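User: Please take one part of this model and look at it closely. I would like its packing, its neighbours and its links to the rest of the chain in one connected account.

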Amino acid sequence: MASSEAGAAKPAAEIFLAACAAVGAEPHASAYVGDRLGTDARGAAAAGLTGVWLDRSGGPAPGALDVARITTLDALASLLQG
C-alpha cells in the first residue's frame, strides 16, 4: 500500500494499520519486515505488529534492541515460528 493511499507514511501507525486492514489481518497477528530499524521495524511495533529489522550489515547488534533482528530472510521462518 502506498502512503498516498493510506494518508500516512512510515513510521506512522496509520500506514501499518491500513495495510493490515487491506488484507484482512489483525495487527497483533501480523509481522512487518523492513531494512530500516526506526522507520520499518520500530514503526510497525509501535502500531501493534511484530516489527522485524532485516539488518544485512553483518555488524554486531546494537545494545538494548527492542525489536527482532534477522540478518537474512532465511531466518524469518524460524523467528515467526518461535
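Analyst: A residue is called buried when its relative accessible area is under 20%, exposed when over 50%, and partly exposed in between. The model is predicted. By that cut-off, helix H3 buries Leu37, Asp40, Ala41, Gly43 and Ala44. The cover over these buried residues includes H2, E1 and E2. H2 is the part to look at closely, and its cover includes H3 in turn.

Start with the helix itself. H2 spans residues 13-23, and Ile15, Phe16 and Cys20 are its buried residues. The three lie on the same side of H2, because they cover an arc of only 135° around the axis. Helix geometry fits this kind of spacing: an α-helix has 3.6 residues a turn, so residues three or four places apart point the same way. The opposite face of H2, turned away from the buried side, carries the exposed residues Ala21 and Ala22. Just past the end of H2, Gly24 has a positive phi of about 70°.

What lies over the buried side? The cover includes helix H1 (3-6), strand E1 (31-34) and helix H3 (37-46). Some of this packing is nonpolar. The largest nonpolar core holds 6 residues: Ile15, Phe16, Cys20, Ala44, Ala47 and Leu49. H2 supplies the largest share of that core, with 3 residues.

Now take Phe16. Its relative accessibility is 3%, so Phe16 counts as buried. Beyond its neighbours within four places in sequence, Phe16 contacts Lys10, Pro11, Tyr32, Thr39, Asp40, Gly43, Ala44, Ala47 and Leu49. Three of those names, Ala44, Ala47 and Leu49, also appear in the core. Asp40, Gly43 and Ala44 are among the buried residues of H3.

One contact involves a second ring. The whole structure has 1 aromatic pair. Phe16 and Tyr32 form it, with centres 5.1 Å apart and planes at 85°. Planes over 60 degrees apart count as edge-to-face, so this pair is edge-to-face. Phe16 belongs to helix H2 and Tyr32 to strand E1, so the pair ties together parts 16 residues apart in sequence. The partners differ in burial: Tyr32, at 26% relative accessibility, counts as partly exposed, whereas Phe16 is buried.

A second link runs to Thr39. Thr39 sits in helix H3. Its relative accessibility is 26%, so Thr39 counts as partly exposed. Leaving out residues up to four places away in sequence, Thr39 touches Lys10, Pro11 and Phe16. Its C-alpha is 8.5 Å from that of Ala12, although 27 residues separate the two in sequence. Lys10 and Pro11 also touch Phe16. Pro11 lies in the loop between H1 and H2. The peptide bond from Lys10 to Pro11 is cis, with omega near 15°.

Tyr32 leads on to the strands. Its bridge partner in E2 is Gly51. Ala31 stands opposite Thr50, also in E2. E1 and E2 run parallel and are joined by 4 bridges. Between them the chain crosses through H3, and this β-α-β crossover is right-handed. Just after H3, Gly48 takes a positive phi of about 100°.

E2 covers residues 50-54, and 4 of its 5 residues are buried, so the rest of the structure largely encloses this strand. E2 also pairs with strand E3 (residues 68-70), again in parallel, through 3 bridges. There Trp53 stands opposite Arg69. The loop between E2 and E3 holds Ala64. Phi of Ala64 is near 55°, a positive value in a residue other than glycine. Ala64 counts as exposed because its relative accessibility is 76%.

Back to H2. Its buried residues Ile15, Phe16 and Cys20 all appear in the largest nonpolar core. Phe16 contacts Thr39 and Ala44 as well as Tyr32. The ring pair with Tyr32 ties H2 to E1. From Tyr32, the bridge to Gly51 leads on to E2.

How values were computed
Residues numbered from 1 in each chain as written. Predicted model: local features only at pLDDT ≥ 70, side-chain atom pairs only at ≥ 80, totals over all residues. Heavy atoms only, no water. Buried < 20%, exposed > 50% of the residue type's maximum accessible area, 1.4 Å probe, protein only. Helix = DSSP H or I, 4+ residues; strand = E, 2+ residues; numbered from the N terminus. Arc of directions from axis to C-beta. Contact = heavy atoms within 4.5 Å. Pairing = 2+ DSSP bridges. Right-handed = clockwise from strand over helix to strand, strands pointing away. Core = buried A, V, L, I, M, F, W, Y, C linked by side-chain atoms within 4.5 Å. Phe/Tyr/Trp six-rings, centres within 6.5 Å; stacked < 30°, edge-to-face > 60°.
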